[in-house]
Amino acid sequence: MLRVRAVFEKTGRSKYISHLDLNRCMLRIFRRSGLPIWYTEGFNPHPYYSFALALSLGFESRCEIMDFNITDDAMSMEEIRDRLNAVMPEGMGIVSVALQQKKITAITHADYSFVLETEVPDKLKADIDRLLSGEEILIEKKTKKGVKTVDIKPDLQVLSCRTSDRGVEMSLRLPAGTQTNYNPTLFVEALKNAGAVPFEASGMTRTAILCEDGTDFV
Amino acid sequence: MDLKDKIEKHLLEVQKPSRYIGGEVGSVIKDKSKVDVRFAFCFPDTYDIGMSHLGMKILYSLTNERENYWCERCFAPSEDFEAVMRENGIPLYALESLDPIRDFDFIGFTMQYELSYSNVLNMLDLAGIPIFSRDRTEELTQIVVAGGPCVCNPEPLADFFDIFILGEGEEVNLELIDLYWEMKQQGAKRLDFLRRAAQIEGVYVPQFYSFDYKEDGTIAAVRTSENAPEVVRKRIIMDMDKVYYPANFVVPFTEIVHDRVSVEVLRGCIRGCRFCQAGFIYRPFREKHTDTICRETKSLCENTGYDEVSLASLSTSDHSEIDPMLTQLIEYTEKEHINLSLPSLRVDNFSEALLEKIKKVRKSGLTFAAEGGTQRLRDVINKNVSEEEIMNTCRIAFEGGYSAVKLYFMMGLPTETDEDIVGIAELAQRVVDLFYSIENRPKGKGGVQVSVSCATFVPKPFTPFQFEPQDTREMIEHKQKLLLDSVRSKKIKVAYHDPNVSQLEVILAKGDRRLCPVIYAAWKKGCKFDSWEEHYRFDLWLEAFADCGVDPAFYANRRFEYDEILPWDHLDYLVSKEFLIRENKTAHLSKTTPNCRQRCSGCGVNKKVGRDCFC
């Protein structure tokens, strides 16, 4: 049995597929591909596949991770890739396929980029700088136990932040994985709550899924 | 900003955005510069419901087989997205190209239930298309058409549509589009096209017909103009093995009501239950061969990736090859880990062997439509099912491990008395008692559960009960209370419909052209999504009737006479009016009519089709 890890993209119209719907969508992709995917054993056998991280509705990405098993040991990675790509919906595609190396728990961070659209980029940039230079960035995070206030400042790394004619383009590194997950919209909310000039976030994109040492998780 | 950007700008503000952006696997994208005719196939309800409709899947694929025609899908937006559309000037658009449907050649609606009528007006308005046919351009474009079961009496919608297509669309739709394209190239005007379209069998152009009324409100005469035929006959497909069936479906991302492959196994019905419109308007009975069914199942499962398939028909177990068909299908579905579901099974030919086969694929509740609480009433409605058969089937089911049974009934049926209502509760009680009398019944906590679901009877055109009045709300409320009071066991759960909803249904089903202004007025007052409990505003509908001076009881609670000209008498659904009158009289004698396989009851279909229904 081949333990396979695929990197896939979810862009364009497919960014409106929710995580729940993506599960169902992927099941049908596998069925259409006719690949010998491994089924779980038990009372209700179903194809086994799992996603490393959920991607929020409306986010694009070219670095999503999905694991599954192929029962035919002789199958090449190219064939798996091509057969999946032949039956993908618009905007989705397999970027690469390889055997699994690292454990899913090796994921610690993810990078995101987005644009904060505004008429007054310089003012917004100043607002952002002020928020980032404060002692803490408090956000309300919904958890299973209820809403709690969290300071995301210690975990937030700003990779870039520059003005353009559309507004302010930012990229952030945030904790991700089995322990802590921060969504970049938390930062956007914090900025809004801090009384920044009017802006709208757009082009939310996950650009990398990373390990502790900063290398790409594949 | 182009329309796509405008849509995307607001898409994340609404529920289930994937319903509004297209891009599903199986959707057909064409190069619009190479397309001659564009058809917007509209379903007047939300995506989740409309995407489940089999007819749309067939006609969508069929039209798109033609390289120079492009058929796209369009649904009613939910309230939240409609608000976004209206606020931001987003016109109703089709999901494949995201182009506004007002620029299309055809805007086609499928009319599946009366309570979707107000949505048609709302969608036309959202599209920026004039709501009344008479207000549309003289040019040859924006032809608004409708098909589906409701257009067997399209008169309440007559002012809003240019064309109604009667019967099955597989052939006539293409004939209509072909004619359009031919005339478009010649520079014809809208009226020229409608005149010639009216000559196609199955095409009804309502503006060429007008009605005179008597003083008592009934119809005095129907007049035709522009050389349109006096009677328009519905279209049917004769050979079910040769008719087009899609090899692929559009596979939605979001979960829809019927999220599976559907394979049609037969059309029409041999049963002749007197309340059932589908049982009459889809005659004659025609089967697909087992091999065709299996081939279509396989290609659809492979192309869509669905892991569930359902057999679609009015009564699947009436297929003459049901046993070999299921054997062959189960062989394939088991191997491929596909669930097979079989709705529309009848109680009376539910064999032990059949149950074994179903059990192999699925184990959930069983549903039986008994329809009437007493044998007398079941005879009146020609539901040829005896209590013995119901009990027998339940016994087989219980012994086979089932512990939940759903029983469907109707309330307000012709000749119904309090005794028949009490009979519903008694029948349900005997099913409960039966369960506990069985030695090897399923053991587990909870025991048996019998769900009684009671709909209010809605008399429909082209049925023997088309002449019947509906019970008034007071009568229905009395019967509902009586039923609740008659139930003694906690194992029996009773659910019933809001009689106000059924009343609007019957009015729209049996109405005439004088209802057009009422529907318009109701929509103007805010009525839409009438089939959704949370949106239904009967008070606004009553206001609309009052404003237009139309008495709802004239349509709902009046007996239509046998010799009266009915609003749908100029439409020919192959079943003769004499037959319907005969059946109505037989009903009132509490006598049954055998099914078509046992003996031809002379409905007139075979004469018109020119061959026997069964050879």
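**Exercise 1. The two domains of chain A**

Find how far apart the centres of domain 1 and domain 2 of chain A lie, and describe the contact between these domains.

*Solution.* Start with the distance: in this predicted model, the centres of the two domains of chain A, taken over C-alpha atoms, are separated by 29 Å. Next, mark the bounds on the chain: domain 1 covers 2-101 and domain 2 covers 107-211. Then look at the contact itself, where ten residues of domain 1 of chain A meet ten residues of domain 2 of chain A. On the domain 1 side, sort these residues by class: six are nonpolar, three polar and one charged.

**Exercise 2. A hairpin in chain A**

Work out in which sense strands E6 and E7 of chain A pair, and how they are joined.

*Solution.* Locate E6 at residues 138-143 and E7 at residues 146-151 of chain A; they pair in the antiparallel sense over six bridges. For one pair to check by eye, take A:Ile139, whose bridge partner in E7(A) is A:Val150. Finally, follow the chain from E6(A) to E7(A): a hairpin joins them through two residues.

**Exercise 3. The sheet of chain B**

Give the strand order of the six-stranded open sheet in chain B, and explain why E2 and E6 each have one side without a neighbour in the sheet.

*Solution.* Read across the sheet: the order is E2-E1-E3-E4-E5-E6, with mixed pairing. Strand E2 (69-75) and strand E6 (203-204) of chain B are at the edges and each has a single partner strand, so one side of each lacks a neighbour in the sheet. Now zoom in on E3 (residues 106-110) and E4 (residues 143-147) of chain B, which pair in the parallel sense over five bridges. Here B:Thr110 stands opposite B:Gly147 in E4(B). To finish, add helix H6 (residues 169-185) of chain B, which lies across E1, E2, E4, E5 and E6 of chain B and runs at about 140° to E1(B).

**Exercise 4. Core and chain contact**

Identify the residues that touch the most other members of the largest nonpolar core, then describe where chain B meets chain A.

*Solution.* The core has 221 residues, and B:Ala40, B:Val203 and B:Ala428 touch the most other members. Its largest share, eight residues, comes from helix H14 (residues 418-437) of chain B. Both domains of chain A also contribute, with at least three residues each. Try B:Val203 yourself: beyond its sequence neighbours up to four places away, B:Val203 touches residues including B:Ile163, B:Val172 and B:Ala197. Between the chains, 18 residues of chain B contact 16 residues of chain A. The chain B side divides into eight nonpolar, eight polar and two charged residues.

Note on methods: Residues are numbered from 1 along each chain as its sequence is written. Chains are lettered from A and ligands numbered from 1 in the order in which they are written. This is a predicted model: local features need pLDDT of at least 70, side-chain atom pairs count only at pLDDT 80 or more; totals for chains, interfaces and linings use all residues. Domain bounds come from an automatic or database domain assignment. Two residues are in contact if their C-beta atoms, placed from the backbone, lie within 7 Å. Ala, Val, Leu, Ile, Met, Phe, Trp, Tyr, Cys and Pro count as nonpolar, Asp, Glu, Lys and Arg as charged, and the others, Gly among them, as polar. A nonpolar core is a set of buried Ala, Val, Leu, Ile, Met, Phe, Trp, Tyr and Cys residues joined through C-beta atoms within 7 Å. A residue is buried if 20 or more other C-beta atoms lie within 10 Å of its own, exposed if 12 or fewer, and partly exposed in between; C-beta atoms are placed from the backbone. Helices (H or I, at least four residues) and strands (E, at least two) are DSSP runs, numbered from the N terminus. Two strands pair if DSSP finds at least two bridges between them. Axes are lines fitted to C-alpha atoms, for helices over the stretch in contact, and angles run from 0 to 180 degrees between N-to-C directions.
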